[in-house]
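Q: Please take a close look at one helix-helix packing in this model, and then at the aromatic and backbone details that go with it. I would like one connected account rather than a list.

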Amino acid sequence: MRGKVFVRVLLIVSLFLATVGSSTLAAAPRVALIMKTLTNPFFLEMERGAREAAEEFGVQLEVVAAERETSIDQQIALIEDMVTRNVDAIIIAPIDSKAVAPALAQAKQAGIPVINLDNRIDAEAARSVGLEVDIFISADNEIGGRLAGAYLATLLGGRGKVAMLEGIPGVDNAEGRKRGFFAAMELFPDIEIVASQTAHWQTEEALNVFTNILQAHPDLDGLFAANDMMALGAIQAIEAAGKRGEIYVTSYDNLEAAQDAILRGEMHATIEQNPALMGYHGVRFAVDLINGKPVPEEFMVPLEVVDRLKLEEKR
(Lines give C-alpha, C1' and ligand atoms only; values in the text may rest on other atoms or scores of the structure.)
Protein backbone atom coordinates (compact mmCIF):
# COMPACT_ATOMS: atom_id res chain seq x y z
CA MET A 1 0.00 0.00 0.00
CA ARG A 2 2.75 2.35 0.96
CA GLY A 3 4.49 1.58 -2.32
CA LYS A 4 1.42 2.58 -4.31
CA VAL A 5 1.11 5.85 -2.37
CA PHE A 6 4.78 6.58 -2.98
CA VAL A 7 4.37 6.00 -6.71
CA ARG A 8 1.35 8.31 -6.83
CA VAL A 9 3.31 11.04 -5.02
CA LEU A 10 6.15 10.68 -7.52
CA LEU A 11 3.74 11.00 -10.43
CA ILE A 12 2.17 14.13 -8.94
CA VAL A 13 5.58 15.71 -8.32
CA SER A 14 6.74 14.81 -11.85
CA LEU A 15 3.62 16.32 -13.40
CA PHE A 16 4.08 19.46 -11.31
CA LEU A 17 7.72 19.85 -12.36
CA ALA A 18 6.85 19.25 -16.02
CA THR A 19 4.13 21.91 -15.82
CA VAL A 20 6.48 24.41 -14.18
CA GLY A 21 9.15 23.64 -16.78
CA SER A 22 6.70 24.15 -19.66
CA SER A 23 5.46 27.42 -18.19
CA THR A 24 9.00 28.70 -17.76
CA LEU A 25 9.85 27.78 -21.35
CA ALA A 26 6.71 29.44 -22.68
CA ALA A 27 7.41 32.56 -20.64
CA ALA A 28 10.75 33.20 -22.37
CA PRO A 29 10.22 36.20 -24.69
CA ARG A 30 10.42 35.52 -28.41
CA VAL A 31 12.45 38.18 -30.19
CA ALA A 32 13.13 38.45 -33.93
CA LEU A 33 16.35 40.03 -35.20
CA ILE A 34 15.83 40.98 -38.85
CA MET A 35 19.03 42.06 -40.58
CA LYS A 36 20.03 43.23 -44.04
CA THR A 37 22.10 40.17 -44.86
CA LEU A 38 24.37 37.55 -43.31
CA THR A 39 26.94 37.75 -46.12
CA ASN A 40 28.54 40.87 -44.61
CA PRO A 41 30.74 40.18 -41.55
CA PHE A 42 29.42 43.41 -39.99
CA PHE A 43 26.03 41.77 -39.52
CA LEU A 44 27.58 38.54 -38.28
CA GLU A 45 29.11 40.62 -35.48
CA MET A 46 25.71 42.19 -34.81
CA GLU A 47 24.23 38.69 -34.56
CA ARG A 48 26.99 37.60 -32.20
CA GLY A 49 26.24 40.44 -29.80
CA ALA A 50 22.49 39.76 -29.97
CA ARG A 51 22.97 36.06 -29.21
CA GLU A 52 25.19 36.92 -26.25
CA ALA A 53 22.43 39.12 -24.83
CA ALA A 54 19.76 36.52 -25.61
CA GLU A 55 21.62 33.96 -23.54
CA GLU A 56 22.18 36.43 -20.72
CA PHE A 57 18.54 37.60 -20.55
CA GLY A 58 16.80 34.30 -21.31
CA VAL A 59 15.44 35.28 -24.73
CA GLN A 60 14.36 32.97 -27.56
CA LEU A 61 16.10 34.80 -30.41
CA GLU A 62 15.33 34.12 -34.05
CA VAL A 63 17.77 35.66 -36.52
CA VAL A 64 16.67 36.13 -40.13
CA ALA A 65 18.08 38.18 -42.98
CA ALA A 66 17.56 39.05 -46.61
CA GLU A 67 19.79 37.45 -49.22
CA ARG A 68 21.44 40.73 -50.22
CA GLU A 69 21.66 44.27 -48.83
CA THR A 70 19.40 45.39 -51.67
CA SER A 71 16.69 42.71 -51.21
CA ILE A 72 14.12 45.05 -49.66
CA ASP A 73 11.02 43.06 -50.74
CA GLN A 74 12.44 39.99 -49.03
CA GLN A 75 13.08 41.92 -45.82
CA ILE A 76 9.53 43.30 -45.82
CA ALA A 77 8.22 39.72 -46.18
CA LEU A 78 10.32 38.71 -43.16
CA ILE A 79 8.77 41.50 -41.08
CA GLU A 80 5.26 40.46 -42.13
CA ASP A 81 6.04 36.83 -41.24
CA MET A 82 7.16 37.84 -37.73
CA VAL A 83 3.98 39.86 -37.24
CA THR A 84 1.90 36.86 -38.29
CA ARG A 85 3.82 34.71 -35.80
CA ASN A 86 3.18 37.31 -33.09
CA VAL A 87 6.71 37.56 -31.75
CA ASP A 88 7.21 39.63 -28.59
CA ALA A 89 9.57 42.17 -30.20
CA ILE A 90 11.19 42.95 -33.54
CA ILE A 91 14.75 44.23 -33.80
CA ILE A 92 15.57 45.42 -37.31
CA ALA A 93 18.50 46.82 -39.28
CA PRO A 94 16.49 48.06 -42.28
CA ILE A 95 17.71 47.80 -45.85
CA ASP A 96 15.64 50.81 -46.89
CA SER A 97 14.87 53.60 -44.42
CA LYS A 98 11.47 54.27 -45.97
CA ALA A 99 10.16 51.05 -47.51
CA VAL A 100 10.02 49.09 -44.23
CA ALA A 101 7.79 51.64 -42.47
CA PRO A 102 4.34 50.23 -43.45
CA ALA A 103 5.22 46.66 -42.40
CA LEU A 104 6.68 47.87 -39.10
CA ALA A 105 3.56 49.98 -38.51
CA GLN A 106 1.56 46.76 -38.75
CA ALA A 107 3.84 45.25 -36.11
CA LYS A 108 3.20 48.16 -33.76
CA GLN A 109 -0.55 47.92 -34.36
CA ALA A 110 -0.28 44.29 -33.29
CA GLY A 111 1.38 45.40 -30.04
CA ILE A 112 4.90 44.34 -31.03
CA PRO A 113 7.71 46.71 -29.94
CA VAL A 114 10.09 47.79 -32.72
CA ILE A 115 13.79 48.34 -32.05
CA ASN A 116 15.63 50.04 -34.94
CA LEU A 117 19.35 49.21 -35.37
CA ASP A 118 22.12 50.82 -37.40
CA ASN A 119 20.15 52.56 -40.16
CA ARG A 120 17.53 55.03 -38.92
CA ILE A 121 14.01 54.61 -40.28
CA ASP A 122 12.99 57.74 -42.17
CA ALA A 123 10.98 60.05 -39.91
CA GLU A 124 8.59 61.28 -42.61
CA ALA A 125 7.91 57.75 -43.88
CA ALA A 126 7.21 56.65 -40.30
CA ARG A 127 4.84 59.57 -39.65
CA SER A 128 2.90 58.90 -42.84
CA VAL A 129 1.94 55.41 -41.65
CA GLY A 130 1.68 56.17 -37.94
CA LEU A 131 4.83 54.27 -36.99
CA GLU A 132 6.52 55.12 -33.69
CA VAL A 133 9.80 53.26 -33.27
CA ASP A 134 10.46 52.45 -29.62
CA ILE A 135 14.22 53.03 -29.72
CA PHE A 136 16.97 53.70 -32.27
CA ILE A 137 20.35 52.07 -31.58
CA SER A 138 23.31 52.96 -33.76
CA ALA A 139 26.56 54.84 -34.02
CA ASP A 140 26.61 58.44 -35.24
CA ASN A 141 27.33 57.89 -38.93
CA GLU A 142 27.93 61.56 -39.64
CA ILE A 143 30.60 61.74 -36.96
CA GLY A 144 32.11 58.53 -38.35
CA GLY A 145 32.27 60.09 -41.81
CA ARG A 146 33.95 63.15 -40.35
CA LEU A 147 36.52 61.00 -38.55
CA ALA A 148 37.35 59.02 -41.70
CA GLY A 149 37.53 62.22 -43.76
CA ALA A 150 39.74 64.04 -41.28
CA TYR A 151 42.10 61.08 -41.08
CA LEU A 152 42.34 60.94 -44.88
CA ALA A 153 43.01 64.70 -45.04
CA THR A 154 45.78 64.30 -42.48
CA LEU A 155 47.40 61.54 -44.53
CA LEU A 156 47.27 63.84 -47.57
CA GLY A 157 48.79 66.75 -45.70
CA GLY A 158 45.66 68.80 -46.37
CA ARG A 159 45.90 68.81 -50.18
CA GLY A 160 45.09 66.58 -53.15
CA LYS A 161 42.26 64.97 -55.09
CA VAL A 162 39.91 62.51 -53.41
CA ALA A 163 36.87 60.38 -54.24
CA MET A 164 34.13 58.69 -52.26
CA LEU A 165 32.34 55.37 -52.72
CA GLU A 166 28.86 55.83 -51.29
CA GLY A 167 26.39 53.35 -49.81
CA ILE A 168 22.82 53.03 -51.05
CA PRO A 169 21.52 56.53 -51.92
CA GLY A 170 18.80 57.83 -49.61
CA VAL A 171 19.52 55.31 -46.86
CA ASP A 172 20.15 57.03 -43.54
CA ASN A 173 23.52 55.56 -42.58
CA ALA A 174 24.88 56.02 -46.11
CA GLU A 175 23.74 59.63 -46.23
CA GLY A 176 25.14 60.32 -42.75
CA ARG A 177 28.59 59.05 -43.68
CA LYS A 178 28.50 61.09 -46.88
CA ARG A 179 27.50 64.27 -45.03
CA GLY A 180 30.25 63.73 -42.50
CA PHE A 181 32.90 63.13 -45.13
CA PHE A 182 31.90 66.19 -47.18
CA ALA A 183 31.80 68.32 -44.02
CA ALA A 184 35.33 67.22 -43.13
CA MET A 185 36.58 68.04 -46.62
CA GLU A 186 35.16 71.57 -46.37
CA LEU A 187 37.76 72.21 -43.67
CA PHE A 188 40.55 71.61 -46.20
CA PRO A 189 40.23 74.04 -49.14
CA ASP A 190 43.20 72.45 -50.93
CA ILE A 191 41.46 69.07 -51.15
CA GLU A 192 39.13 68.55 -54.12
CA ILE A 193 36.42 65.89 -54.24
CA VAL A 194 36.54 64.82 -57.89
CA ALA A 195 34.05 61.92 -57.73
CA SER A 196 31.39 60.52 -55.42
CA GLN A 197 29.47 57.48 -56.65
CA THR A 198 27.51 54.63 -55.11
CA ALA A 199 28.62 51.01 -55.14
CA HIS A 200 25.63 49.91 -53.02
CA TRP A 201 27.88 48.51 -50.23
CA GLN A 202 29.08 45.73 -52.60
CA THR A 203 32.70 44.64 -53.19
CA GLU A 204 32.36 43.63 -56.84
CA GLU A 205 30.41 46.75 -57.76
CA ALA A 206 33.03 48.88 -55.99
CA LEU A 207 35.76 47.23 -58.04
CA ASN A 208 33.99 48.23 -61.25
CA VAL A 209 32.97 51.72 -60.12
CA PHE A 210 36.38 52.61 -58.75
CA THR A 211 38.12 51.22 -61.84
CA ASN A 212 36.15 53.78 -63.85
CA ILE A 213 36.93 56.56 -61.37
CA LEU A 214 40.64 55.81 -61.64
CA GLN A 215 40.47 55.90 -65.43
CA ALA A 216 38.75 59.30 -65.29
CA HIS A 217 41.06 60.64 -62.57
CA PRO A 218 44.49 58.94 -62.84
CA ASP A 219 45.98 61.57 -60.52
CA LEU A 220 43.68 60.64 -57.61
CA ASP A 221 45.33 60.82 -54.17
CA GLY A 222 42.76 59.46 -51.75
CA LEU A 223 39.50 57.53 -51.30
CA PHE A 224 36.88 57.23 -48.59
CA ALA A 225 34.73 54.12 -48.98
CA ALA A 226 31.57 54.20 -46.87
CA ASN A 227 32.06 50.57 -45.84
CA ASP A 228 34.90 48.06 -45.82
CA MET A 229 33.25 45.79 -48.38
CA MET A 230 33.49 48.56 -50.97
CA ALA A 231 37.01 49.47 -49.86
CA LEU A 232 38.11 45.88 -50.48
CA GLY A 233 36.82 46.18 -54.04
CA ALA A 234 38.54 49.53 -54.47
CA ILE A 235 41.95 48.22 -53.43
CA GLN A 236 41.60 45.49 -56.08
CA ALA A 237 41.05 48.26 -58.63
CA ILE A 238 44.08 50.15 -57.29
CA GLU A 239 46.21 47.00 -57.60
CA ALA A 240 44.96 46.31 -61.14
CA ALA A 241 45.77 49.89 -62.16
CA GLY A 242 49.33 49.52 -60.86
CA LYS A 243 48.79 52.24 -58.27
CA ARG A 244 49.46 50.36 -55.05
CA GLY A 245 50.97 52.71 -52.49
CA GLU A 246 49.87 55.80 -54.44
CA ILE A 247 46.32 56.21 -53.08
CA TYR A 248 45.35 56.54 -49.43
CA VAL A 249 42.17 54.64 -48.50
CA THR A 250 39.98 55.10 -45.43
CA SER A 251 36.82 53.17 -44.77
CA TYR A 252 34.14 52.15 -42.28
CA ASP A 253 33.20 48.99 -40.26
CA ASN A 254 36.53 47.51 -39.08
CA LEU A 255 36.00 44.08 -40.61
CA GLU A 256 38.77 41.53 -40.16
CA ALA A 257 39.53 41.61 -43.89
CA ALA A 258 39.94 45.39 -43.66
CA GLN A 259 42.31 45.01 -40.71
CA ASP A 260 44.43 42.61 -42.75
CA ALA A 261 44.47 45.10 -45.64
CA ILE A 262 45.57 47.87 -43.28
CA LEU A 263 48.40 45.72 -41.92
CA ARG A 264 49.48 45.02 -45.53
CA GLY A 265 49.48 48.74 -46.27
CA GLU A 266 46.66 48.52 -48.84
CA MET A 267 44.23 50.47 -46.65
CA HIS A 268 45.06 53.07 -44.04
CA ALA A 269 42.20 53.38 -41.56
CA THR A 270 38.68 52.21 -40.89
CA ILE A 271 35.97 53.22 -38.42
CA GLU A 272 34.90 50.78 -35.72
CA GLN A 273 31.23 51.24 -34.88
CA ASN A 274 30.77 48.19 -32.65
CA PRO A 275 27.95 46.22 -34.34
CA ALA A 276 28.15 43.56 -31.63
CA LEU A 277 27.20 46.21 -29.08
CA MET A 278 24.27 47.28 -31.27
CA GLY A 279 23.00 43.71 -31.34
CA TYR A 280 23.55 43.24 -27.61
CA HIS A 281 21.72 46.41 -26.61
CA GLY A 282 18.98 45.69 -29.14
CA VAL A 283 18.08 42.53 -27.24
CA ARG A 284 18.58 44.20 -23.85
CA PHE A 285 16.18 47.02 -24.64
CA ALA A 286 13.74 44.58 -26.26
CA VAL A 287 13.51 42.77 -22.93
CA ASP A 288 12.91 46.08 -21.13
CA LEU A 289 10.10 46.96 -23.56
CA ILE A 290 8.49 43.53 -23.21
CA ASN A 291 8.56 43.97 -19.43
CA GLY A 292 7.02 47.43 -19.65
CA LYS A 293 10.16 49.31 -18.61
CA PRO A 294 10.99 52.73 -20.09
CA VAL A 295 13.78 52.99 -22.68
CA PRO A 296 15.53 56.03 -24.20
CA GLU A 297 14.57 57.25 -27.66
CA GLU A 298 18.16 56.73 -28.85
CA PHE A 299 21.24 54.83 -27.74
CA MET A 300 24.57 55.42 -29.49
CA VAL A 301 27.53 53.04 -29.31
CA PRO A 302 31.07 54.49 -29.41
CA LEU A 303 33.13 55.06 -32.58
CA GLU A 304 36.87 54.56 -33.00
CA VAL A 305 39.43 55.17 -35.74
CA VAL A 306 41.41 51.98 -36.35
CA ASP A 307 44.74 52.34 -38.14
CA ARG A 308 47.90 50.26 -38.42
CA LEU A 309 49.37 51.56 -35.17
CA LYS A 310 46.25 50.64 -33.22
CA LEU A 311 46.10 47.18 -34.78
CA GLU A 312 49.76 46.50 -34.06
CA GLU A 313 49.24 47.57 -30.45
CA LYS A 314 46.38 45.06 -30.08
CA ARG A 315 48.26 42.23 -31.73
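A: In this predicted model, the crossing of α2 and α11 is right-handed. Two packed helices are described by the angle between their axes and the distance between the axes. For helix α2, which covers residues 41-57, and helix α11, which covers residues 275-290, the angle is about 35° and the axes are 6 Å apart. On the α2 side the contact is made by F42, E45, M46, R48, G49, A50, E52, A53, A54, E56 and F57, while α11 contributes P275, A276, M278, G279, Y280, V283, R284 and V287. Sorted by character, the residues of this contact divide into 12 nonpolar, 2 polar and 5 charged.

Two members of that contact reappear when the aromatic rings are considered. F42, which belongs to the α2 side of the contact, forms an aromatic pair with F43, and the arrangement is edge-to-face, with 5.0 Å centre to centre and 85° between the planes. Both F42 and F43 are buried. R284, which stands on the α11 side of the contact, lies over the face of F285, at 4.2 Å from the ring centre.

The pair of F42 and F43 belongs to a wider set, since the structure holds 5 aromatic pairs. Elsewhere in the chain, F181, F182 and F224 form one aromatic cluster. A charge is also placed against one ring of that cluster: the charged end of K178 sits over the ring of F182, 5.8 Å from its centre.

The backbone details concern the loop between β9 (248-250) and α10 (256-263), where D253 has its place. The phi of D253 is near 130°, a positive value in a residue other than glycine. N254 is found in the loop between β9 and α10 as well, and N254 likewise has a positive phi, of about 60°, although N254 is not a glycine. As for accessibility, D253 counts as buried because its relative accessible area is 5%, which falls under the 20% cut-off. N254 has a relative accessibility of 11% and therefore also counts as buried.

Notes
Residues are numbered from 1 along each chain as its sequence is written. This is a predicted model: local features need pLDDT of at least 70, side-chain atom pairs count only at pLDDT 80 or more; totals for chains, interfaces and linings use all residues. Side-chain values use heavy atoms; hydrogens and water are left out. Axes are lines fitted to C-alpha atoms, for helices over the stretch in contact, and angles run from 0 to 180 degrees between N-to-C directions. Helices (H or I, at least four residues) and strands (E, at least two) are DSSP runs, numbered from the N terminus. A crossing is left-handed if the near helix is turned anticlockwise from the far one by less than a right angle, and right-handed if clockwise. Contact means heavy atoms within 4.5 Å. Ala, Val, Leu, Ile, Met, Phe, Trp, Tyr, Cys and Pro count as nonpolar, Asp, Glu, Lys and Arg as charged, and the others, Gly among them, as polar. Rings of Phe, Tyr and Trp (its six-membered ring) pair if their centres lie within 6.5 Å; planes under 30 degrees apart count as stacked, over 60 as edge-to-face and the rest as tilted. Buried means under 20% relative accessible area, exposed over 50%, partly exposed in between (1.4 Å probe, protein chains only). A charge sits over a ring if NZ of Lys or CZ of Arg is within 6 Å of the ring centre and within 35 degrees of the ring normal.
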